[in-house]
Amino acid sequence: MSAPGQLPHYIGGEFAGPVDGAWLDDIQPATGAVLGRIARGTFQDVNRAVEAAKAALQGPWAGWTLAQRADLCDAIANGIEARAEELARLESQDTGKTITMARNVDIPRAVANFRFFAGAARHQSGDFFEMPDAINYTLRKPVGVVALITPWNLPLYLLSWKTAPALVMGNAVVAKPSELTPMTATALAEIIHEAGAPAGAFNLVHGLGGEAGQALVEHADVNAISFTGGTTTGRMVAATAAPHFKKLSLELGGKNPTLVFADCDFEAAVEGAARAAFLNQGQVCLCGSRLLVERSIENEFTAALVEKAKSMRLGDPDAEDTQLGSLISQDHRDKVEGYVRLAREEGGTILCGGERPSLPAPLDRGAFLQPTVVGGLPSDCRTATEEIFGPVVTVHPFDTEAQAIAMANGVRYGLSASVWTRDLGRAHRVSAALQTGMVWVNTWLHRDLRVPFGGVKESGVGREGGRYSLEFFSEATNVCVKKTP
Ligand code: NAP
């Protein structure tokens with residue numbers, strides 16, 4: 001097992017320090033304290049992990065049946081559940097998110113991901129196509145060595161979302177979590193080890209994106225890459241991987257609209273819009289950071305949203321009643337504050353927030369920012385169209401359904417949207433017209449793990465979730481058998 005405070009790689013069934021002996025500090029964003037040391041992976045560490053993964057695919061792991069792999073995923077789920085409170089604390093410390101979010105969302109979802117994909121794989125059916133003189137059936141084989149690259153906003157939640165389908169379909173994994181949030185990835189490696197995964201089936205390389213991540217994407221023996229992160233990084237990953245014809249799934253950034261029509265359930269829509277704007281300090285790819293409101297209720301709606309934002313309890317992530325914790329880092333807060341300045345320059349009015357809160361030590365060294373509502377901006381300005389990824393929402397009025405749709409679609413992203421209306425016909429019409437991979441009607445972030453998850457335009461390529469993940473993490477081989485007379 002790994003030593004306390006040390007976060008080594010996990011390669012070939014063993015915890016191992018970096019080949020060249022370099023380590024990075026893991027910083028707690030809410031206090032600036034150093035939580036531990038992370039192995040700073042280089043090409044050499046990545047190469048060792050890929051070699052271990054290749055060996056696993058030639059070794060006992062290759063002989064595991066689908067039922068055994070599903071049982072392994074269930075055992076991993078049990079292992080996460082047994083350490084749930086400890087994992088929630090690690091996730092909260094590492095990310096700055098509230099302990100209640102880590103406890104109620106991140107960790108239960110990691111358990112659910114492993115259980116869900118164990119069940120989904122057990123119950124999947126195969127394809128069969130009959131011809132008059134032949135039958136076709138389709139085998140699903142592992143893709144091989146798969147690279148899983150994940151961001152800092154939902155660390156274990158997203159790593160488990162990729163690891164479970166990758167393992168259950170028989171691949172060998174090399175995971176590279178964000179260097180900002182390595183702790184629960186190391187804990188997951190411990191849990192997978194204890195659950196009895198054979199050496200090399202799951203490998204973990206820590207380090208910087210530009211070093212370990214880039215080396216992994218470039219590695220000639222990596223057959224598939226599942227990447228979740230920003231659009232700029234995703235573009236680099238795609239450019240590196242494409243010439244090698246690696247299988248690629250890209251879950252990227254978003255600038256998601258919340259469309260509120262005058263006939264909505266007002267209270268529910270205010271609650272939903274506030275949650276969509278500020279959950280996890282606005283650091284969820286699906287966050288509704290552009291609020292489009294029918295003009296007849298705009299003033300009343302904006303006032304209610306501002307009231308709600310002002311009443312949110314911001315502070316110690318470890319306190320049970322805190323609703324907003326710290327942003328991921330000082331650098332990221334600087335970036336978000338830059339957008340608040342830009343909003344002013346573009347003619348916007350800060351209706352609430354936009355400032356650092358005054359908090360007692362040691363939280364005064366944290367990366368906190370008040371929930372911020374901005375009005376008075378055109379819907380096509382930079383503040384209203386670029387991903388901020390912080391607790392900032394811009395409000396824009398519209399007069400007609402067509403105008404709302406045009407404003408919603410007027411960004412380069414296309415991840416998700418939420419629509420608030422009591423008119424069922426309108427809900428269907430607007431949902432069909434929106435250029436996004438996902439639409440929620442009268443709700444937001446209501447997840448069924450079977451449904452396709454992913455974006456269009458610059459929000460990504462491909463879908464994950466349910467059978468979409470099982471298909472991504474497998475290769476189809478069709479067998480055509482001539483019928484004998
Ligand atoms: P990011 O900077 O793109 O990083 C994502 C991951 O890629 C991290 O592990 C990062 O490592 C690594 N990385 C960086 N440069 C790399 C390179 N050249 N080659 C390979 N890997 C590299 O994104 P982030 O700031 O962590 O996360 C926020 C973004 O993720 C937002 O845009 C958000 O919308 C998006 N996101 C999307 C979804 C979705 O499902 N669509 C879900 C969550 C988040 P380091 O962190 O160590 O540099």
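Here are a few worked exercises on helix packing, domains and backbone geometry in this predicted model.

**Exercise 1. Work out how helix H10 sits against helix H11, and which residues make the contact.**

Two numbers get us started, since a packed helix pair is described by the angle between the axes and the distance between them.

- Step 1: take H10 (residues 266–278) and H11 (residues 295–311); their axes cross at roughly 55° and come within 10 Å.
- Step 2: put a word to that angle. Roughly parallel needs an angle under 35 degrees and roughly perpendicular needs 65 to 115, so H10 is oblique to H11.
- Step 3: add the hand, which is right-handed for H10 passing H11.
- Step 4: list who touches whom. H10 brings Phe 266, Ala 269, Val 270, Glu 271, Ala 273, Ala 274 and Phe 278, while H11 brings Glu 300, Phe 301, Ala 304, Leu 305, Lys 308 and Ala 309.
- Step 5: sort these residues by character, and you get ten nonpolar, three charged and no polar.

**Exercise 2. Helix H7 packs against H4; find the orientation and the make-up of the contact.**

- Step 1: H4 (residues 84–95) and H7 (residues 183–194) have axes 8 Å apart, at an angle of about 155°.
- Step 2: angles over 145 degrees count as roughly antiparallel, so that is the label for H4 and H7.
- Step 3: on the H4 side the contact uses Leu 87, Leu 90, Glu 91, Gln 93 and Asp 94; on the H7 side, look for Met 183, Thr 184, Ala 187 and Ile 191.
- Step 4: the tally for this contact is five nonpolar, two polar and two charged.

**Exercise 3. Now do the pairing of H3 with H7.**

- Step 1: the axes of H3 (residues 66–82) and H7 cross at roughly 130° and come within 9 Å.
- Step 2: that angle is not over 145 degrees and falls outside 65 to 115, so H3 and H7 are oblique to each other.
- Step 3: H3 passes H7 in a right-handed crossing.
- Step 4: Ile 76, Gly 79 and Ile 80 of H3 meet Leu 188, Ile 191 and Ile 192 of H7.
- Step 5: five of these residues are nonpolar, one is polar and none is charged.
- Step 6: check Ile 191 of H7, which turns up in the contact with H4 and again in the contact with H3.

**Exercise 4. Describe how domain 1 and domain 2 meet.**

- Step 1: set the bounds. The domain assignment gives domain 1 as 6–252 + 459–478 and domain 2 as 257–448.
- Step 2: their C-alpha centres lie 30 Å apart.
- Step 3: count the contacts, with 27 residues of domain 1 touching 32 residues of domain 2.
- Step 4: the area buried between the two domains is about 2200 Å², and carbon and sulfur atoms give 54% of that.

**Exercise 5. Place two backbone features, at Phe 245 and Pro 362.**

- Step 1: recall the background. Most residues other than glycine have a negative phi, and most peptide bonds are trans.
- Step 2: Phe 245 has a positive phi, near 55°, and sits in the loop between helix H9 (231–241) and strand E12 (247–251).
- Step 3: Ala 361 and Pro 362 are joined by a cis peptide bond, with omega about 0°.
- Step 4: Pro 362 belongs to the loop between strands E15 (349–352) and E16 (372–375).

Key
Residues are numbered from 1 along each chain as its sequence is written. This is a predicted model: local features need pLDDT of at least 70, side-chain atom pairs count only at pLDDT 80 or more; totals for chains, interfaces and linings use all residues. Side-chain values use heavy atoms; hydrogens and water are left out. Axes are lines fitted to C-alpha atoms, for helices over the stretch in contact, and angles run from 0 to 180 degrees between N-to-C directions. Helices (H or I, at least four residues) and strands (E, at least two) are DSSP runs, numbered from the N terminus. A crossing is left-handed if the near helix is turned anticlockwise from the far one by less than a right angle, and right-handed if clockwise. Contact means heavy atoms within 4.5 Å. Ala, Val, Leu, Ile, Met, Phe, Trp, Tyr, Cys and Pro count as nonpolar, Asp, Glu, Lys and Arg as charged, and the others, Gly among them, as polar. Domain bounds come from an automatic or database domain assignment. Buried area is the accessible area (1.4 Å probe) that two parts lose on being put together, summed over both.
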